[in-house]
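Me: I would like to learn how to read the contacts in a protein–DNA model, one feature at a time. Could we go through them together, with the general idea before each case?

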Protein chains: 2
Amino acid sequence: MNVLEKIVSSVNNFSKSERKVADVILANPQVTIHSSIAALAKMADVSEPTVNRFCRRLDTKGFPDFKLHLAQSLANGTPYVNRHVEEEDGPEAYTAKIFESTMAALDTARQRVDISTINKAVDVLTQAKKISFFGLGASASVAHDAQNKFFRFNVPVVCFDDIVMQRMSAINSTEGDVVVCISHTGRTKNLCEIAAIAKENDATVIGITAYESPLARECSLVLSLDVPEDTDLYMPMASRVAQLVLIDILATGFTLRRGSKFRENLKKVKDSLRGSRFDKKDMSL
Amino acid sequence: MNVLEKIVSSVNNFSKSERKVADVILANPQVTIHSSIAALAKMADVSEPTVNRFCRRLDTKGFPDFKLHLAQSLANGTPYVNRHVEEEDGPEAYTAKIFESTMAALDTARQRVDISTINKAVDVLTQAKKISFFGLGASASVAHDAQNKFFRFNVPVVCFDDIVMQRMSAINSTEGDVVVCISHTGRTKNLCEIAAIAKENDATVIGITAYESPLARECSLVLSLDVPEDTDLYMPMASRVAQLVLIDILATGFTLRRGSKFRENLKKVKDSLRGSRFDKKDMSL
DNA sequence: CCAAATACTGTAATTAAATTACAAAATACT
DNA sequence: AGTATTTTGTAATTTAATTACAGTATTTGG
């Protein structure tokens, strides 16, 4: 929990004067980090030791240490203390909040993702005879994106968002094939079945899903992101972004494993698009 | 540019002793922010004023101010000074780097995005008779995702990744229809044509694309993200994530504009999925 | 309702930290 | 080689933060 959140949550444990300090800090956090303890004390109309005690109450060593913590909380601009979008938020507020909560989610994802599993997944993918990406609903677009990436590697890639096609594809999979199932909750029945079918047919099943979920149980390898989903609007948001970043990571690992020559091919793939685009110089049209 | 990057980039402008300081800081940035100037001077085997001068050279007011800046750079864990994935990077390194560069990209996107345009776009979308999302290649999955979101609002939404379908759809658009064209570069010829056709037919064309691009010129409203694309691997990565977040923002703006009753409907949409999922309690299967 | 205890707050003294001024080396340049 | 310039360190000064203590408010129990 960052310092700002901490201040808000423990606002009730503060004494009257400490509360004054809290109010001033919350009102001008950016000013605070560039103020001396004397200046802040004056702003809050309290004594300097009170400010110091306030800092200690928040488990910091003292005022300078507190400023350090505060600076870290403010690292990405002045964040909204509450990142949840609210009824009365204007465009500025909800835009900032969504960016912030997405970045925060990526940060947790980074901390929680298991590197050795990523490495294993990359292993498996580089050796795959065929790679399939399956997702339903919001995860379908993640699967499409994965296809778009891995397709460039000149490996057989398929991607279906149709359960019948997924099913047929899963049944036809064999040893050496890799099936990547994407589902935030890991509780989508159809996808669990697909995973089970693929597994029965000796394919390696990688799950980009929640730990301990029904889907995870069907998988040979589980990549869990454990992003706290922002349920305010009943839509998958942060989780899906984290999934995409994970796809990026797998794709990157894949290319690194393949060596530098391989990457020249990627450049060719990109260059092949040139004909379909307006030239960067000639923008007259 | 954050302080760490700044140190690395100006390492040649440093004097011998300043360089010692730089080395110590880069080696233990986390330690540095909790050290006094005396401690750091000792670690670097230089005098205290040298450390102070070092801080000033980096455009900070002095040592405490420098620590503040450093703390902000380290806010999200110890970042890789160089965020670009390199040949010799192991799984841990490239995973962290991709997370970091994506977060950094979102941060720039947030700073650069124009709030008033977002507001206008939300305006237009809430009043739309029909919303179409068009993208090609990597942007196609963003379009799909957008469809998945806006579809829940019970508004007519279409999404095509096939240029023929896109073209037909664009020709059939009329006043009151909104066409959202997604392209990072804004130079995909086919998409520019689609935008032009839609515009000719009096649809409002929103471009999620680069400023001053051919596509932007065809649009009524341009939402530019200006994310520096990580071209290391010749694949769209950060740009696409930023686009998705923008979609989230538009969707959020949409629901807020519609009021709280509307959001109850969203809950219903989500609840309707329950039948397709394993119960959270009953995870026996 | 009053007294005693406890918690809160501020003043003043102390300590610690950072900065400045200046002098001595070291380096570069003629 | 000698001078100018830059770099570096020592010591003094200033500034900031913390501690100790005392006074004030607040609560609690009689």
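Reply: Let us begin with the term that the first case needs: a polar contact is a pair of N or O atoms within 3.5 Å. Please keep in mind throughout that this is a predicted model. With that cut-off in hand, look at B:Arg56, where a polar side-chain atom lies 2.7 Å from a phosphate oxygen of DNA strand C.

Me: Which backbone atoms lie close to a phosphate oxygen of DNA strand C, and at what distances?

Reply: A polar backbone atom of B:Ile37 is 2.6 Å from a phosphate oxygen of DNA strand C, and a polar backbone atom of A:Ser47 is 3.0 Å from a phosphate oxygen of that strand. The elements that contribute two or more residues to this surface are α2 (16–27) and α5 of chain A, together with α5 and α6 (63–73) of chain B.

Me: How many residues surround DNA strand C, and which are the closest?

Reply: There are 17 residues around DNA strand C, and the closest of them are A:Ser15, A:Ser17, B:Ile37, B:Asn52 and B:Arg56. Sorted by class, the residues of this surface comprise six nonpolar, seven polar and four charged. If one takes the atoms of DNA strand C that are within 4 Å of the protein, 78% belong to sugar or phosphate, and the rest to bases.

Me: What should I read for DNA strand D, beginning with the residues that come nearest?

Reply: Here 18 residues lie around the strand, and A:Ile37, A:Asn52, A:Arg56, B:Ser15 and B:Ser17 come nearest. Their classes, taken over the whole surface near DNA strand D, are six nonpolar, seven polar and five charged. Of the atoms of DNA strand D within 4 Å of the protein, sugar or phosphate accounts for 76%, with bases making up the rest.

Me: Which side chains have polar atoms close to a phosphate oxygen or a base nitrogen of DNA strand D?

Reply: On the phosphate side, an N or O atom in the side chain of A:Arg56 is 2.7 Å from a phosphate oxygen, and a polar side-chain atom of A:Lys16 lies 3.3 Å from a phosphate oxygen. On the base side, B:Arg53 has a side-chain N or O atom that is 3.1 Å from a base nitrogen of DNA strand D. The elements giving two or more residues to the surface near this strand are α5 (48–57) and α6 (63–73) of chain A, along with α2 (16–27) and α5 (48–57) of chain B. The largest share, four residues, comes from α5(A).

Me: How are chain A and chain B placed relative to each other, in terms of a turn and a shift?

Reply: In general, two copies of a chain are related by a rotation about an axis and a shift along it. In this case, a turn of 180° and a shift of 0.1 Å along the axis lay chain A on chain B with an RMSD of 0.3 Å. The two copies are therefore related as by a two-fold rotation axis. The same surface serves both copies, since 100% of the contact residues of chain A recur in chain B.

Me: What is the area buried between chain A and chain B?

Reply: The size of an interface is often given as the accessible area lost when the parts come together. Between chain A and chain B about 7,600 Å² is buried, and carbon and sulfur atoms give 65% of that area. The contact takes 83 residues from chain A and 83 residues from chain B.

Me: How many salt bridges and polar contacts does the rule find across the interface?

Reply: Side chains of opposite charge can pair when their charged atoms come close. Across the interface of chain A and chain B the rule finds six salt bridges, and 10 residue pairs in polar contact, with both residues at pLDDT 80 or more. The largest share of the side of chain A that touches chain B, 14 residues, comes from α7(A), and by class that side has 37 nonpolar, 22 polar and 24 charged residues.

Me: Which partners does A:Asp248 meet in salt bridges?

Reply: Across the interface, the side chain of A:Asp248 meets that of B:Arg240 in a salt bridge of 2.9 Å, N to O. Within chain A, the side chains of A:Lys149 and A:Asp248 meet in a salt bridge of 3.1 Å, N to O. Because A:Lys149 lies in helix α9 and A:Asp248 in helix α13 of chain A, the pair ties together parts that are 99 residues apart in sequence.

Key:
Residues are numbered from 1 along each chain as its sequence is written. Chains are lettered from A and ligands numbered from 1 in the order in which they are written. This is a predicted model: local features need pLDDT of at least 70, side-chain atom pairs count only at pLDDT 80 or more; totals for chains, interfaces and linings use all residues. Side-chain values use heavy atoms; hydrogens and water are left out. A residue is near a molecule or strand if one of its heavy atoms lies within 4 Å of it. A polar contact is a pair of N or O atoms within 3.5 Å; within protein, one must be able to donate a hydrogen and the other to accept it, and residues adjacent in sequence count only if both atoms are side-chain atoms. Ala, Val, Leu, Ile, Met, Phe, Trp, Tyr, Cys and Pro count as nonpolar, Asp, Glu, Lys and Arg as charged, and the others, Gly among them, as polar. Copies are superposed by least squares on the C-alpha atoms of residues with pLDDT of at least 70 in both. Contact means heavy atoms within 4.5 Å. Buried area is the accessible area (1.4 Å probe) that two parts lose on being put together, summed over both. A salt bridge is a side-chain nitrogen of Lys or Arg within 4 Å of a carboxyl oxygen of Asp or Glu.
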